[in-house]
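Biologist: Please take one part of this model and walk me through it closely. I would like the sheet that runs across both chains, and the place where the chains meet.

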2 protein chains.
Amino acid sequence: MDLTASTAVLAAATADAARLLPAPALGGVLLTATAEGLAVAAAAPDQALRLERPALVHADGEALVPLRPLAETLRALDAEEVRVVVEESRLVVRAPGARFALPLMDRAVHPPVANAPPLAGSVGGRALRTAVEAVASAASREDALPIFTGVRMWTDAEGLTLLATDRYRMALATVDWDGGTLDVLAPATVLSGLARGFGAAPSVVLGADDDRLGLAWGPDSFVTALLAVPFPDERARQLARAEPSGTVELEADALAAALRRASPYAGPRGTVTLAGWDGELRVLSSDPRGGESEQVVKAGVSGCHGSSTYQARYLLDALKPFAGRRVRIEQQEGLRPTVFTAPADGGVAVTYVVVPMRV
Amino acid sequence: MDLTASTAVLAAATADAARLLPAPALGGVLLTATAEGLAVAAAAPDQALRLERPALVHADGEALVPLRPLAETLRALDAEEVRVVVEESRLVVRAPGARFALPLMDRAVHPPVANAPPLAGSVGGRALRTAVEAVASAASREDALPIFTGVRMWTDAEGLTLLATDRYRMALATVDWDGGTLDVLAPATVLSGLARGFGAAPSVVLGADDDRLGLAWGPDSFVTALLAVPFPDERARQLARAEPSGTVELEADALAAALRRASPYAGPRGTVTLAGWDGELRVLSSDPRGGESEQVVKAGVSGCHGSSTYQARYLLDALKPFAGRRVRIEQQEGLRPTVFTAPADGGVAVTYVVVPMRV
């Protein structure tokens, strides 16, 4: 293997690989040079990544080397181009006045990088990123039950819908879908990690088999194992069926700023109360030891409203998908959930549901 | 107490107080409003801080309140001005549409904020910041022996000299001094934390008594307890007496960049070798498992040089005070220390000494 390539392009590709697969098998990355360019591939027991990048290939070949030192070396180089050559038992990275030699690892003990599952259909890259970022925040990060760490993705007449819940809140986002049927439960953290990458591509191709989901955008692809557990669909859907006793519409950012200012007074449980609903929304927090806060946010109000208490950070997560826009908040009686919605934006319709707390 | 003040000014003052005194007595800050403005004071068992800020005072008075929530509230407010008023058992912070109430703490149980030690002399703010930042990096952060966490500061005919060492490296900086004698051992982390603040002032007034050092700049002041341990002066001074077998001069930043690129190959001990010294400096690192690196940095060389091995991070610390400038590196025989110097810049002369490693 012998090639010349842009340092910035290779640095970005290896940095992406290290970020998306923090613990690849043997800590290694597989480089494959062909007439078409350079493929950067890495695999973990339940994930696989493949990126293709342009390179001037002087001699075909492949090399398995430690991913992190390669990524660090490329990131720190200020030369515009690098030469990457296999020399005996080393992969050598050369730039003017500098030579870095990484030990070649044994290709035979590295697990094969699996093929992608069969194609199901495609979706806009930016729309899928928006949907994933809106929904993933409602998934639990470290729940004992894996279902609450997943994003359910399914297709129907409305398009591709993503749904996640950790029991206390739930988020749904629907995007336009072009293709056949898909119905999977994928890890939320994996989808979030990929969102920046596929968000820049015009379209993302999705495919699945019984236990894997594949995503491909431009020359890049990622395969992840599915969470093989039944999702509480019916209970989740019930959460989203609102019979609002009253609604309020306001700037999401104005309410988020007020919630952040209320947090120092929100006590050990981090709770705030939304109240008043009389041409304005009152944001209240109080703690016997920490003091009290009271703020007024301008809002359009209709119907009859009481006051409800929430975890401040859940409300902040619920407002994030509506940043820079007006959001509609539908409050229901008693401890029935509060629903955050807005008209579809950029082909993505988001609904966020937060369960109030017993006071 | 009742006053109106700029939100940004009060937010910056309380943020500074929270940064410089992360654990003030009872978690509190003492606000004192007089015709002259607002004083923000905090005390810990071995430290005290006082900042004075302009405010339009409607009624004199003082209030002891929790520092952190006050700082957070002021930071998050977007109103240009705040009204700060004592109302019964609360300190109330008001802005349009918002009211925040902090519980008043019992002034009687708060330790008194001590007066500053007597004045010894003064030094330029920017010069002292440069000297502190150059020297503090050579102090240990968590040594069992407190002497290695301190900065020795003393005056003589050359000016005010700061010195710190953790045994493996040592840094000295001398700045112009206007005043009497001073000879103290102060905690390095305290001086580093203050450097950004006093670095912006035209001059810093220093004073000391038997067990405290006081620093005052503009309307602000800080008092810290001294480290009451004998400093190994004679041994430290010996380190700085170089009999170089050869010297090399080069751009500090070029060598620092090469050292960072060598780090992934520097093995578990993080060592690099400087070698060659033949119109150029070679930077080498190698590790049986991680691979090898070799880089060339342009340098002016005189005398006879061998190769020496160092901890890469010690070299990076040694180069930092010379960033953006050429540095002179004096190498000595065997394991005798290597000396980094440059002509005085901005009234500050820095010498950094690093002991090579046995290979």
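Modeller: Here is that sheet, followed by the contact between the chains. This is a predicted model, so local features need pLDDT of at least 70 and side-chain atom pairs count only at pLDDT 80 or more, while totals for chains, interfaces and linings use all residues. Residues are numbered from 1 along each chain as its sequence is written, chains are lettered from A and ligands numbered from 1 in the order written, and side-chain values use heavy atoms, without hydrogens and water.

Start with the strand order. The open sheet has 9 strands, in the order 5(A)-1(A)-7(A)-8(A)-9(A)-22(B)-21(B)-20(B)-24(B). The pairing is antiparallel. Strands (E, at least two residues) and helices (H or I, at least four) are DSSP runs, numbered from the N terminus. Two strands pair if DSSP finds at least two bridges between them.

Now the edges. Strand 5 (56-59) of chain A and strand 24 (308-311) of chain B each have a single partner strand, so one side of each is left without a neighbour in the sheet. From one strand to the next, the twist averages 20°. Angles run from 0 to 180 degrees between N-to-C directions, with axes fitted to C-alpha atoms, for helices over the stretch in contact.

Look at the chain B end. Strand 20 (residues 271-275) of chain B is joined to strand 24 of chain B by 4 bridges. One pairing there is B:Val272 with B:Tyr310 of strand 24.

Next, the helices on the chain A part. Helix 1 (residues 7-20) of chain A packs on the sheet and touches strand 1 (2-6) and strand 7 (81-87) of chain A. Contact means heavy atoms within 4.5 Å. The direction of helix 1 makes about 95° with that of strand 1 of chain A. Helix 2 (residues 67-76) of chain A lies across strand 7, strand 8 (90-95) and strand 9 (98-103) of chain A. Helix 2 runs at about 170° to strand 9 of chain A.

Finally, the meeting of the chains. Here 25 residues of chain B are in contact with 25 residues of chain A. The buried area is about 2,100 Å², with carbon and sulfur atoms giving 49%. That area is the accessible area (1.4 Å probe) that two parts lose on being put together, summed over both. The interface also holds 4 salt bridges. A salt bridge is a side-chain nitrogen of Lys or Arg within 4 Å of a carboxyl oxygen of Asp or Glu. One of them links B:Arg261 to A:Asp78, with the closest N and O atoms 3.7 Å apart.
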